[in-house]
Amino acid sequence: MRTRTAARRSAEHTEPAHSAPTLDSHRSDRTAAIKTRRLASVAAKAKVGQPKKRTKLTRAQKAALVRENILHAAAEVVGEFGYQDASIARITQVAGIAQGTFYLYFQTRQHLFDELLPHAGEDMIKFIGERVHGATSYYDVEERGLRAFFEYVEEHPGFYRLLNEAEFAAPAAHKKHFEQLVEHYTASLRRSVKTGEIAKFSDEELEIIAYFGMAARSYAYLGYVKYGTGRKRPPESVIRTYMRLIAGGFKQ
């Protein structure tokens, strides 16, 4: 009788079935192996999932760090290979753990995928929040937030693949991530309405404005970075134009 772990593994999709190997397939496998080792090396140097200082951790704290490590490794692997080829073997290699350890934290690969994008989204929100901290006005918040978004996707080039493929590979995660961003953006706008910094928009209108702001960031990235001419961030003219539009649209 198969063990529970074996049953789980048999239910997992790892790699598509192939016919007789060809020279191209061997080259592709070698390239993939090199990429995976590179990701693992970067993760090891960054000491992902490890405390910055040597401290005695409880069992629960250690478990939380391992779980965080798996999620981070999965984001890197999906960003490089896509969801379909993000096998548990690759994820655990990058995470630096045994494959059996994976099943202590996630029942299946799909369970991991269903948490992955919202987790990455929370990381992005935290990243932007740290750079917005100390802003003196809504317009300062908006400009810092815009710059921080472009900084984040520069530092995490696989984020957009993680985001876009999730619509089909992990639709529940894609929906949750979208709702997180809208809630965060709308809350920021609502605070500025209450302080009188921007016009008195209704909650319904603020949600629409949040959609506009999210779309502007996304398409500016696609137009000037992903499909641009080798830029890592949009030019300053994008920031100036966006802020000019914001300043005019939010007048009392």
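Me: Where does Tyr211 lie, and what makes it count as partly exposed?
Reply: In this predicted model, Tyr211 has its place in helix 10. Its relative accessibility is 32%, and because partly exposed covers the range between under 20% and over 50%, Tyr211 counts as partly exposed.

Me: Which residues form the nonpolar patch on the surface with Tyr211, and which helix gives the most to it?
Reply: The patch is formed by Phe178, Ile208, Tyr211 and Phe212, which together have about 380 Å² of accessible area. Helix 10 gives the most to this patch, with three residues. A patch residue must have over 30% relative accessible area, and Tyr211, at 32%, meets that part of the rule.

Me: Why is the contact between Glu142 and Arg217 called a salt bridge?
Reply: The rule asks for a side-chain nitrogen of Lys or Arg within 4 Å of a carboxyl oxygen of Asp or Glu. For Glu142 and Arg217 the N to O distance is 3.3 Å, and because that value is within 4 Å, the pair is called a salt bridge. The pair links distant parts of the chain, with Glu142 in helix 7 (residues 138-155) and Arg217 in helix 10 (residues 203-226), 75 residues apart.

Me: How do you know whether Glu142 and Arg217 are buried or exposed?
Reply: Buried means under 20% relative accessible area. Glu142 has 3% and is therefore buried, and Arg217, at 11%, counts as buried by this cut-off.

Me: What makes Arg161 and Glu165 a salt bridge, and where do they lie?
Reply: The closest N and O atoms of Arg161 and Glu165 are 2.7 Å apart, and since the limit is 4 Å, the pair satisfies the rule. Both residues lie in helix 8 (residues 159-169), four residues apart, about one turn of the helix. Arg161 is partly exposed, with a relative accessible area of 34%, and Glu165 is partly exposed at 27%.

Me: Why can the pair of Asp203 and Arg190 be said to tie parts of the chain together?
Reply: Asp203 forms a salt bridge with Arg190, the closest N and O atoms being 3.2 Å apart. Asp203 lies in helix 10 and Arg190 in helix 9 (residues 171-194), so the pair ties together parts that are 13 residues apart in sequence. With relative accessible areas of 48% for Asp203 and 29% for Arg190, each is partly exposed.

Me: How many salt bridges does this rule give, and which residues are linked in a network?
Reply: The count comes to 11 salt bridges, and Glu130, Arg131 and Glu151 are linked in a network of them.

Note on methods. Residues are numbered from 1 along each chain as its sequence is written. This is a predicted model: local features need pLDDT of at least 70, side-chain atom pairs count only at pLDDT 80 or more; totals for chains, interfaces and linings use all residues. Side-chain values use heavy atoms; hydrogens and water are left out. Helices (H or I, at least four residues) and strands (E, at least two) are DSSP runs, numbered from the N terminus. Buried means under 20% relative accessible area, exposed over 50%, partly exposed in between (1.4 Å probe, protein chains only). Patches are made of residues with over 30% relative accessible area and no salt bridge: like charges are joined within 9 Å, nonpolar side chains (Val, Leu, Ile, Met, Phe, Trp, Tyr) within 5 Å. Accessible areas come from the Shrake-Rupley method with a 1.4 Å probe; for residues, only the protein chains shown count as cover.
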